[in-house]
Protein chains: 2
Amino acid sequence: MASALEKARKDPESMKGKILTVARRIFGEYGFHGTTTRMIALEVGIDISTLHYHWGEKGDLYEAVVLDISKDLGQELIKVEKRIHGLPLQDRLAISIDRMTEYFFAHPEISNLILFRYFGKTREEAGLDFKVPEFTADIARSMGLAKDRQNVPPDVMMKVLGMMNSIHSFVCGENFFRPMVNLDRGTYIDMAKNTLKFIHIPAFTQNTDLTGA
Amino acid sequence: MASALEKARKDPESMKGKILTVARRIFGEYGFHGTTTRMIALEVGIDISTLHYHWGEKGDLYEAVVLDISKDLGQELIKVEKRIHGLPLQDRLAISIDRMTEYFFAHPEISNLILFRYFGKTREEAGLDFKVPEFTADIARSMGLAKDRQNVPPDVMMKVLGMMNSIHSFVCGENFFRPMVNLDRGTYIDMAKNTLKFIHIPAFTQNTDLTGA
DNA sequence: ATGTGGTTCCATCAATTGATTGAATCGTAA
DNA sequence: TTACGATTCAATCAATTGATGGAACCACAT
């Protein structure tokens with residue numbers, strides 16, 4: 001049933017919505033196994049039975065969170081795509097990196113959950129995924145690096161993945177990295193953006209072909 | 001007591017050593033909370049009480065794993081540093097990326113645990129860390145991007161962090177990314193290396209200064 | 001007020017999990 | 001062989017955790 005999720009997404013003030021919001025954050029911070037239903041319920045200020053009443057078992061709530069985030073991300077990607085449509089590659093890259101970085105820093109639980117999904121195994125096999133392959137191919141296409149979303153060359157996929165992962169890394173690693181460079185949050189975000197642009201734009205615009213095996 | 005760890009490191013065939021080896025992998029795959037002492041014991045083929053006899057409580061074993069990996073990584077960095085000493089920047093970067101990528105792909109649990117350490121919260125506060133700040137500063141210095149390991153400029157720190165994280169991402173994300181690009185392991189690793197060099201070398205060698213706020 | 005459907009919480013359960021105890025086992029030196 | 005320390009395991013405990021049942025509560029139409 002996507003109806004439960006749709007209702008929660010449309011009415012964030014409802015109990016379903018409040019639980020979903022908190023669950024996104026807690027699952028993002030602690031991962032699936034590190035999160036207990038009691039942690040979420042406590043944060044919302046409700047009993048665990050209320051949580052189960054609305055979302056079923058823990059795994060179902062987690063799937064709802066993944067789906068919720070996947071939808072948000074998809075919407076954001078469409079917005080960015082419209083914004084950059086028709087611009088020269090250099091500008092498309094710069095604007096995309098700025099906006100996506102801004103977006104993920106505003107919603108760090110998205111980056112957190114995506115990285116957890118990539119890297120961490122769950123004891124019970126997880127069925128649902130983040131549509132990362134589709135999103136990645138879409139980004140490649142909207143960047144003008146591939147004609148259509150099918151048949152994106154592997155090296156382009158790798159570059160796009162590398163770029164997205166770089167953003168996620170700076171977002172998820174903020175608690176760890178920011179004390180290292182001793183910057184306030186705003187400056188850290190700006191520096192992340194500039195570093196990302198500085199690093200990744202040349203990778204897509206330079207002509208030298210080093211990617212051949 | 002570092003003596004227990006030292007013994008395990010010197011004699012990987014000992015029970016302490018076998019447990020440590022398995023623990024590295026399992027903790028890396030499932031994270032701290034996702035790993036149970038029974039999973040480790042089962043894999044080693046022993047009883048959990050034997051595991052506790054050798055390593056104390058779960059958190060102690062995890063700390064030993066972190067310390068173990070930190071030492072391995074430190075040794076590898078020293079090797080790389082010797083290898084690239086005196087070479088021009090371009091070569092230092094290329095060789096470092098090749099070797100570090102090769103190394104992490106050969107020991108993916110190191111990348112896994114580092115990323116878990118960065119990104120995931122543990123319910124009980126973890127005391128020990130990976131000496132990432134020191135390592136990062138060391139890398140910056142050995143790259144010739146800073147005079148000494150103190151006072152590495154923030155933008156250089158960010159670039160180095162970005163580079164290291166990119167490597168970890170390709171390593172940790174292999175199970176997720178490789179099916180997307182449909183490559184065998186060797187080709188995937190080669191393409192990761194080339195992509196990393198292609199992306200990061202220009203970031204350190206080009207003159208354009210985009211990092212200023 | 002009365003009933004009804006939807007919601008919430010208290011009490012509780014079963015399974016999992018980290019950890020310990022005490023008995024058995026093994027290697028080895030006397 | 002015997003004795004002793006080190007190691008291993010079966011059995012067990014207490015705490016945590018996911019999940020449920022049933023009573024209480026609430027809003028609202030009749």
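1. The surface near DNA strand D comprises 4 nonpolar, 8 polar and 5 charged residues. The classes work as follows: Ala, Val, Leu, Ile, Met, Phe, Trp, Tyr, Cys and Pro are nonpolar, Asp, Glu, Lys and Arg are charged, and the others, Gly among them, are polar. A residue is near a strand if one of its heavy atoms lies within 4 Å of it. This is a predicted model, in which local features need pLDDT of at least 70, side-chain atom pairs count only at pLDDT 80 or more, and totals for chains, interfaces and linings use all residues. Side-chain values use heavy atoms, with hydrogens and water left out; residues are numbered from 1 along each chain as its sequence is written, and chains are lettered from A in the order in which they are written.

2. Which residues come nearest to DNA strand D? Of the 17 around it, they are A:Lys58, B:Ser49, B:Tyr53, B:His54 and B:Arg123. Sugar and phosphate make up 53% of the strand D atoms that come within 4 Å of the protein.

3. Individual polar contacts to strand D can be named. Such a contact is a pair of N or O atoms within 3.5 Å; within protein, one must be able to donate a hydrogen and the other to accept it, and residues adjacent in sequence count only if both atoms are side-chain atoms. B:His54 places a polar side-chain atom 2.5 Å from a phosphate oxygen of strand D. In A:His52, a side-chain N or O atom is 3.3 Å from a phosphate oxygen of that strand. B:Ser49 instead reaches a base nitrogen of strand D, at 3.2 Å from a polar side-chain atom. The elements giving two or more residues to this surface are helix H3 (37-44) and helix H4 (48-55) of chain A, together with helix H4 (48-55) of chain B. H4(B) has the largest share, 4 residues. Helices here are DSSP runs (H or I, at least four residues), numbered from the N terminus.

4. Now DNA strand C. Of the 18 residues around strand C, A:Ser49, A:His54, A:Arg123, B:Arg38 and B:Lys58 come nearest. Sugar or phosphate accounts for 51% of the strand C atoms within 4 Å of the protein, and bases for the rest. By class, the surface near strand C has 4 nonpolar, 9 polar and 5 charged residues.

5. Both side chain and backbone take part at strand C. A polar side-chain atom of A:Ser49 is 2.9 Å from a base nitrogen. Backbone N or O atoms of B:Thr37 and B:Thr35 lie at 3.0 Å and 3.4 Å from a phosphate oxygen, respectively. Two or more residues each come from H4 of chain A and from helix H3 (37-44) and H4 of chain B. H4(A) gives the most to this surface, with 4 residues.

6. How do the protein chains meet? In all, 53 residues of chain A are in contact (heavy atoms within 4.5 Å) with 53 residues of chain B. The area buried between them is about 5000 Å², with 75% from carbon and sulfur atoms. Buried area is the accessible area (1.4 Å probe) that two parts lose on being put together, summed over both. On the chain A side, A:Phe119, A:Met158 and A:Phe198 lose the most area to chain B, together 17% of what that side buries.

7. The rule finds 2 salt bridges across the interface of chain A and chain B. A salt bridge needs a side-chain nitrogen of Lys or Arg within 4 Å of a carboxyl oxygen of Asp or Glu. A:Glu29 pairs in this way with B:Lys121, with the closest N and O atoms 3.5 Å apart. There are also 3 residue pairs in polar contact between the chains, both residues at pLDDT 80 or more. Elements giving two or more residues to the chain A side include helix H2 (15-34), helix H7 (108-119) and helix H11 (185-205). H9(A) gives the most, with 12 residues. By class, this side has 28 nonpolar, 18 polar and 7 charged residues.

8. A rotation of 180° with 0.0 Å of shift along its axis superposes chain A on chain B (RMSD 0.0 Å). The two copies are thus related as by a two-fold rotation axis. The fit is by least squares on the C-alpha atoms of residues with pLDDT of at least 70 in both copies. The copies meet through the same surface, because 100% of the interface residues of chain A are also interface residues in chain B.

9. Over all chains, the salt-bridge count comes to 34. One of them joins A:Arg24 and A:Asp68, with the closest N and O atoms 2.7 Å apart. This pair links distant parts of the chain: A:Arg24 is in helix H2 and A:Asp68 in helix H5 (residues 58-84), 44 residues apart.
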